[in-house]
Amino acid sequence: MEKEIRRLTFDDYDEIMRVWAVSGLPIKSNGRDSRDMVAAEIAREWCAYFGLFVNDKMVGVTITQFDGRRGWINRLAVDPDYRGMGLAGDLMAKCDEFLDQFGEVVPCALIEGENMPSMACFEKAGYVCERSISYWTKRPRPDL
Ligand SMILES: CC(C)(COP(=O)(O)OP(=O)(O)OC[C@H]1O[C@@H](n2cnc3c(N)ncnc32)[C@H](O)[C@@H]1OP(=O)(O)O)[C@@H](O)C(=O)NCCC(=O)NCCS
């Protein structure tokens, strides 16, 4: 099995959406996952989309970014046919490597509801759940 992780560009947009869709992640096609918004986000130097390829097929994706204070891992997803092989762990390690350039950074992630595989995955990578914190947003529009 030939495995490679590389930083993605906007040319990978359709494949990114395909991997998120088969992985069961909701896609905000009129909001943050629209072509325009992804084109802007993926071009920022402090924000990286990483794709994991097995035999040249994209089977995993994640986004990582430094917000000036913390590091974030968002939208980590692995194609169901390739789960349980440590690929999410590989992507998270790549995110750590990317965030290292910004100095001592605390990597964080938001995990919805009771997403056990995701929680287990982050736990395995050394993350601890801060249960006293709730997630607050102020949305300019509901589908953003
Ligand atoms: C969460 C997800 C990315 C994990 O991908 P993966 O490639 O299967 O994960 P890995 O093989 O790297 O697993 C790493 C560790 O996570 C834990 N883990 C992963 N899936 C698990 C599961 N279904 N049940 C229990 N533990 C699990 C294990 O500890 C595993 O290490 P181990 O196999 O050595 O025990 C994948 O299940 C997925 O794409 N889910 C849908 C999308 C999603 O919810 N993303 C999270 C958004 S925050």
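**View 1. Phe98 and Phe102, an edge-to-face pair.** In this predicted model, Phe98 counts as buried because its relative accessibility is 7%, where buried means under 20% relative accessible area, exposed over 50% and partly exposed in between (1.4 Å probe, protein chains only). Its partner Phe102 is partly exposed, at 28%. The two rings sit 5.7 Å apart, centre to centre, with 70 degrees between their planes. Rings of Phe, Tyr and Trp (its six-membered ring) pair if their centres lie within 6.5 Å; planes under 30 degrees apart are stacked, over 60 edge-to-face and the rest tilted. Pull back a little and you will find a cluster in which ring pairs link Phe98 and Phe102 with Phe50 and Phe66.

A word on conventions: residues are numbered from 1 along each chain as its sequence is written, and side-chain values use heavy atoms, with hydrogens and water left out. Because this is a predicted model, local features need pLDDT of at least 70 and side-chain atom pairs count only at pLDDT 80 or more, while totals for chains, interfaces and linings use all residues.

**View 2. Phe10 and Tyr13, a tilted pair.** The count of aromatic pairs comes to six. In the one shown here, Phe10 and Tyr13 are 5.5 Å apart between centres, and their planes make 45 degrees. Phe10 is partly exposed, with 30% relative accessibility, whereas Tyr13 is buried, at 8%.

**View 3. Arg75 over the face of Trp20.** Here Arg75 lies 4.6 Å from the ring centre of Trp20. A charge sits over a ring if NZ of Lys or CZ of Arg is within 6 Å of the ring centre and within 35 degrees of the ring normal.

**View 4. Polar contacts to the ligand.** Look for the ligand oxygen atoms: a backbone N or O atom of Gly84 is 2.8 Å from one, and a backbone N or O atom of Gly86 is 2.7 Å from one. Asn115 brings a polar side-chain atom to 2.7 Å from a ligand oxygen. The protein buries 69% of the 920 Å² that the ligand exposes when taken alone (Shrake-Rupley method, 1.4 Å probe).

**View 5. The shell around the ligand.** The shell holds 19 residues, each with a heavy atom within 4 Å of the ligand. Helix 4 (116-124) gives the most, with five residues; strand 4 (70-78) and helix 3 (87-100) also give two or more. Helices (H or I, at least four residues) and strands (E, at least two) are DSSP runs, numbered from the N terminus.

How values were computed:
A polar contact is a pair of N or O atoms within 3.5 Å; within protein, one must be able to donate a hydrogen and the other to accept it, and residues adjacent in sequence count only if both atoms are side-chain atoms.
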